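Take a look at the model below. We will follow one side of it, residue by residue and strand by strand.

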Amino acid sequence: LRRTGEVYVFTETTLPVTTSEAPTDDFLPVTEARDQACRGKTHTDNSGNYYKKIFSEDLSHCKAACRAMPLSRCKGIEYSFGRCELWI
C-alpha cells in the first residue's frame, strides 16, 4: 500500500511585514508536492514526536492550522485525504 500525500514547507519569511493582508501562499511544495511524505533523518524515521496529527477537511484548512501555531513552531505540513500532519 503506497501512501500518497502533499508535502509543503512553511515559509514564514514570506509573511507581509507592513500590511495586514494574508500572502497568497506562504507554503512551498517539497520537490513534487504530490506523492511525498515527511520524514526525519531517514526515509523510515516517522516518529510521532515530530508532528501533531489533526483531521483537516482540505489542504487549505491544514495550512491554516499550521499558520495558527505559535511563531516558528510549525515547520511544514503533510496532507492526505483528511489527515493533516503539522511538523514541529
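Contact here means heavy atoms within 4.5 Å. The model is a predicted one. With that in mind, start at K63. Leaving out neighbours within four places in sequence, K63 is in contact with Y8, D25, F27 and I77. K63 itself sits in helix α1, which covers residues 59-68. Is this lysine buried or exposed? Buried means under 20% relative accessible area. K63 has 9% relative accessibility, so it counts as buried.

One of the contacts of K63 is I77. That residue leads to strand β4, residues 76-80. Of the 5 residues in β4, 5 are buried, so the strand is largely enclosed by the rest of the structure. Its residues point two ways. G76, E78 and S80 point one way, while I77 and Y79 point the other way. Both sets are buried.

Now look at the strands that pair with β4. Strand β1, residues 6-10, is joined to β4 by 4 bridges. The two run antiparallel. Within this pairing, V7 has E78 of β4 as its bridge partner.

Strand β5, residues 83-87, is joined to β4 by 5 bridges. This pair is antiparallel too. Here Y79 stands opposite C84 of β5. Strands β4 and β5 form a hairpin, with 2 residues between the strands. In that hairpin, F81 takes a positive phi near 45°.

Put the pieces together. β4 is bridged to β1 and to β5. K63 of helix α1 is in contact with I77, a buried residue of β4.

Definitions and conventions. Residues numbered from 1 in each chain as written. Predicted model: local features only at pLDDT ≥ 70, side-chain atom pairs only at ≥ 80, totals over all residues. Heavy atoms only, no water. Buried < 20%, exposed > 50% of the residue type's maximum accessible area, 1.4 Å probe, protein only. Pairing = 2+ DSSP bridges.
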